[in-house]
Amino acid sequence: MTVVINLLLLSTVTDAICILPPELRNTEWIYKYTKPDDNQPITTTLRIQNTVLPQQSSVRFNALGTTMDAWTCISNLTLSDTESVAVFKSDTSYSDGPFGGNRRLYLCMKFTKVTDNLFYFYLLSDVDNTILPNERVFNPPENSIPDDSDPLCSTFCQYTSEPKIRTLQKTGTTDVVPSDAALCTPCESPCEEQVIACPDLAPVNFTTITAETGTNYQDNITYACNTGYELKSGDLIRECLADESWSGSPPVCEIVACPDLAQVNFATITAETGKNYQGTITYACNTGYELKSGDLTRQCQDDKAWSGIPPVCAYSTVAGHAFTATLPLGYTPVSIGSPIKYTLINSASIGSEYNAATGIYTVAKPGIYLISVSMMSGLLTASHLTIRKNADVLVWLYTNNDYDMASQTININLAANDKISVVVNSGSSLFSVYNTFSVLGPIE
Ligand SMILES: *[C@@H]1O[C@H](CO)[C@@H](O)[C@H](O)[C@H]1NC(C)=O
Ligand SMILES: *[C@@H]1O[C@H](CO)[C@@H](O)[C@H](O)[C@H]1NC(C)=O
Ligand SMILES: *[C@@H]1O[C@H](CO)[C@@H](O)[C@H](O)[C@H]1NC(C)=O
């Protein structure tokens with residue numbers, strides 16, 4: 001009585017995970033097979049309940065004195081509309097000694113439905129000689145009873161010698177197993193599992209596949225964002241799931257950006273290609289300033305930091321500047337609206353703020369400056385000159401006649417980069433070294 005109650009409990013527990021073909025269930029079948037040990041043909045009956053072969057079933061063995069004749073289906077695999085595999089586990093266990101542990105037997109049945117009244121099946125295991133009668137059962141080694149959920153094919157249904165066909169026929173029916181040769185082959189492989197395959201994945205921008213085990217069930221594809229890119233959303237590892245879809249969503253890798261750079265004093269940005277990975281920014285120290293430390297070109301790196309350190313531009317080492325230049329000997333023709341180019345720079349001048357090619361003095365260090373200009377007009381020309389700061393006229397100079405002279409001196413507060421020049425407003429030539437342009441400053 002106790003045994004029966006246990007069986008009912010067991011079958012309740014396993015009902016959920018094993019589903020036999022509906023026509024097979026709750027029916028008694030005429031079971032014909034050939035005994036694997038002595039090739040004797042056997043005709044008997046096999047009663048199949050919902051998911052069990054109940055006690056006193058015709059699948060009955062003696063394992064070291066223990067009778068094993070009740071079986072419960074623990075898992076099934078549907079191969080097609082007519083083919084399925086079911087694994088049954090013995091309800092009782094046996095032991096082969098005090099240290100042998102509990103051992104159970106398993107039947108792996110691969111069924112094919114011919115009609116509602118006729119099935120044939122193979123027992124997919126090799127013949128086990130430790131049970132009587134010797135039969136095709138899976139008898140796991142001592143102390144290694146597999147999990148009920150272990151894969152059918154790799155665990156329970158392995159065989160090397162070819163099993164023979166067995167039939168299950170309803171009493172009173174006459175359907176016959178067709179004689180197709182194919183039916184005599186148990187199966188190409190005991191593991192004709194349906195392959196669960198996921199679709200190919202589209203290439204993902206800005207990523208590299210770093211590992212790929214395949215595109216079947218439980219295979220994984222692992223991506224890495226390319227150098228200079230970072231994961232914004234999605235998943236870098238995708239696994240092929242049982243429903244033939246990939247887990248997660250495609251990774252979205254975006255280019256990294258570096259932070260805004262603080263303004264650099266006394267420097268100008270001369271070139272800029274953006275703040276994203278590998279973008280560069282190039283500075284130049286303003287006129288009169290020079291690079292004391294740091295880097296004039298900085299590049300956005302993979303780690304979202306700029307290469308190098310900020311440039312430091314400081315006044316050039318000369319503390320003050322003193323410069324005087326004159327026109328050369330003879331007449332110098334001038335053009336209206338242009339700065340006069342005083343080309344003879346006095347050799348005692350300090351600093352390089354004056355550019356003789358343009359006639360422009362560019363202030364390096366801000367402060368108070370003294371600017372002085374003298375002029376002598378050339379032959380037969382009255383002339384107007386102006387001293388200018390950038391475009392602004394500061395003072396005028398005028399001479400009326402041949403070899404007249406005029407001069408102006410101004411003291412003025414100048415900012416860095418101010419441009420001082422002497423511009424012609426009228427006249428056609430100036431005469432010789434009497435024309436001077438001097439700048440002194442800054443005056444501390
Ligand atoms: C077991 O059989 C049922 C009914 O045919 C089917 O829905 C289920 O997928 C099968 N289980 C497996 C693992 O094939
Ligand atoms: C991948 O990059 C190409 C070219 O930049 C673009 O046209 C396409 O939309 C991108 N694909 C995705 C999924 O963002
Ligand atoms: C794929 O990844 C999952 C989850 O990390 C893991 O369980 C599984 O074993 C992996 N598959 C392979 C084939 O490595």
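**Figure 1. Strands β27 and β32 meet side by side in this predicted model.** Strand β27 (residues 360-362) and strand β32 (residues 419-426) run antiparallel and are joined by two bridges. Strands here are DSSP runs of E with at least two residues, helices are runs of H or I with at least four, and both are numbered from the N terminus. Two strands count as paired if DSSP finds at least two bridges between them. Look for Thr362: its bridge partner in β32 is Lys419. Now widen the view, and an open sheet of five strands appears, in the order β26-β27-β32-β29-β30, with antiparallel pairing. Which strands stand at the edges? They are β26 (354-355) and β30 (392-399); each has a single partner strand, so one side of each is left without a neighbour in the sheet. As a general reminder, strands of a sheet pair through backbone hydrogen bonds, either parallel or antiparallel.

A note for reading all the views: residues are numbered from 1 along each chain as its sequence is written, while chains are lettered from A and ligands numbered from 1 in the order in which they are written. Because the model is predicted, local features need pLDDT of at least 70 and side-chain atom pairs count only at pLDDT 80 or more, whereas totals for chains, interfaces and linings use all residues.

**Figure 2. The whole chain, for orientation.** The protein chain holds three helices and 34 strands. Its C-alpha atoms fill a box of roughly 145 × 50 × 35 Å along the principal axes. The radius of gyration is 51 Å, against near 22 Å for a compact globule of 444 residues; the radius is taken over C-alpha atoms, and the globule rule is 2.2 Å times the number of residues to the power 0.38. The chain is divided into domain 1 (2-184), domain 2 (207-255), domain 3 (267-315) and domain 4 (321-441), with bounds from an automatic or database domain assignment. Between the centres of domain 1 and domain 3, taken over C-alpha atoms, there are 79 Å.

**Figure 3. Strand β19 shows two faces.** Along β19 (residues 280-285) the side chains alternate: Ile281, Tyr283 and Cys285 point to one face and are buried, while Thr280, Thr282 and Ala284 point to the other and are not. A residue is buried if 20 or more other C-beta atoms lie within 10 Å of its own, exposed if 12 or fewer, and partly exposed in between, with C-beta atoms placed from the backbone. Strand β18 (residues 267-272) pairs with β19 in the antiparallel sense over five bridges, and Ile269 has Tyr283 as its bridge partner in β19. Strand β21 (residues 297-299) also runs antiparallel to β19, joined by three bridges. There, Thr282 has Thr297 as its bridge partner.

**Figure 4. Inside the largest nonpolar core.** Such a core is a set of buried Ala, Val, Leu, Ile, Met, Phe, Trp, Tyr and Cys residues joined through C-beta atoms within 7 Å. Of its 40 residues, Ala86, Val87, Tyr106, Leu107 and Cys108 touch the most other members. Elements that each supply at least two residues of this core include β1 (27-34), β6 (71-78), β7 (83-90), β8 (106-115) and α2 (152-156). What is Ala86 in contact with, leaving aside its neighbours within four places in sequence? The list is Cys18, Leu20, Cys73, Asn76, Met109 and Phe111, where contact means that C-beta atoms, placed from the backbone, lie within 7 Å. A second, separate core of 28 residues includes Tyr289, Leu327, Val334 and Tyr354.

**Figure 5. Asn117 in its loop.** Asn117 is found between β8 and β9. It counts as partly exposed because it has 17 C-beta neighbours inside 10 Å. Leaving aside neighbours within four places in sequence, Asn117 is in contact with Gln169, Lys170, Thr173 and Asp175.

**Figure 6. Backbone details to look for.** Most residues other than glycine have a negative phi, and most peptide bonds are trans. Asn39, in the loop between β1 and β2 (41-48), has a positive phi near 60°. Asn39 counts as exposed, with 8 C-beta neighbours inside 10 Å. Tyr403, in the loop between β30 and β31 (405-414), has a positive phi near 65°. A cis peptide bond joins Leu132 and Pro133, with omega about -15°. The peptide bond from Gly441 to Pro442 is cis too, with omega near -10°.

Key. Contact = placed C-beta atoms within 7 Å.
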